[in-house]
Amino acid sequence: GQEIIIREIRNRLIDQLVLTNLIILVISGAISYFLAGETLKPIEKVMEDQKRFISDASHELRTPLTAIKTETEVTLRDKKIDLKSAKQQLISNLEEIDKLKKLTDSLLKVDKMDFSNKKELINLQEVAQQVIKKMKIKAQLKGKNVKIWANKIAIEELLTILLDNAKKYGGKKIEVRIKPFF
């Protein structure tokens, strides 16, 4: 009598423990699967961004190289080429090589940039003045003493690009104004 009851209680307890362990195993497996997926999402995004970057960089490098190759081949096939035409071809090749150099310099800058998005309090006017001085351009700097939280390297690069474009495509006078927008 009593042994049968104890055995029955023991069997039910074992059954309940096995069932509880199975439920815990299934739930922990599902949670682990979900968390592993969430953990891999940033890695997948970085991999996609890297693939896109490599593809874009390859395309940007290929374009000037193709131009150099095509122009050189056409020039070499010209049986009536004169010195003036040959020099023009060399000048054109040098222009394309300069484009390649600028692109590779930019790629190296990107490689050196701190993408941890480290922000610090910077004086925007001081950063602009440093960029103007480094680029050796004459620019009139107007504005207030504006301080912002930003990645200094990224802001310097942005200002360099903007001032370089102003120098190339703007007038003779470059004016940089710094003012808060709020």
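Is Lys173 buried or exposed? Lys173 is exposed, at 61% relative accessibility, where buried stands for under 20% relative accessible area, exposed for over 50% and partly exposed for what falls in between (1.4 Å probe, protein chains only). The structure is a predicted model, in which local features need pLDDT of at least 70 and side-chain atom pairs count only at pLDDT 80 or more, while totals for chains, interfaces and linings use all residues. Residues are numbered from 1 along each chain as its sequence is written, and side-chain values use heavy atoms, with hydrogens and water left out.

Lys173 also takes part in a salt bridge, its side chain meeting that of Glu175 at 4.0 Å, N to O. A salt bridge here is a side-chain nitrogen of Lys or Arg within 4 Å of a carboxyl oxygen of Asp or Glu. The partner, Glu175, is partly exposed, with a relative accessible area of 29%. The pair belongs to a wider network of salt bridges that links Lys142, Lys173, Glu175 and Arg177. By this rule the count of salt bridges is eleven.

Two more of these pairs sit in helix α1. Helices (DSSP runs of H or I, at least four residues) and strands (runs of E, at least two) are numbered from the N terminus. Helix α1 covers residues 2-77 and holds both Arg12 and Glu8, four residues apart, about one turn of the helix. Their side chains form a salt bridge with 2.9 Å from N to O, and Glu8 is partly exposed at 42% relative accessibility. Further along, Arg52 pairs with Asp49 in a salt bridge whose closest N and O atoms are 3.2 Å apart. Arg52 and Asp49 are three residues apart in α1, again about one turn of the helix. Both count as partly exposed, Arg52 with a relative accessible area of 47% and Asp49 with 27%.

Helix α1 has a greasy side to show as well. Ile31, which lies in α1, helps to make a nonpolar surface patch of about 590 Å² together with Leu19, Ile23, Ile27, Phe34 and Leu35. Patches take residues with over 30% relative accessible area and no salt bridge, joining like charges within 9 Å and nonpolar side chains (Val, Leu, Ile, Met, Phe, Trp, Tyr) within 5 Å. The areas come from the Shrake-Rupley method with a 1.4 Å probe, and for residues only the protein chains shown count as cover. Ile31 itself is partly exposed, at 47% relative accessibility.

Then there is the inside. The largest nonpolar core has 17 residues, of which Ile155, Leu163, Val176 and Ile178 touch the most other members. The elements giving two or more residues to this core are α3 (124-135), α4 (152-169) and β4 (174-178), and α3 supplies the largest share, six residues. A nonpolar core is a set of buried Ala, Val, Leu, Ile, Met, Phe, Trp, Tyr and Cys residues joined through side-chain atoms within 4.5 Å. Neighbours within four places in sequence aside, Val176 is in contact (heavy atoms within 4.5 Å) with Ile132, Ala139, Gln140, Leu141, Lys142 and Leu163.

A charged residue can be tucked away too: Glu96 is buried, with a relative accessible area of 11%. Glu96 lies in helix α2 (residues 83-112) and, residues up to four places away in sequence aside, touches Pro64, Ala67 and Ile68.
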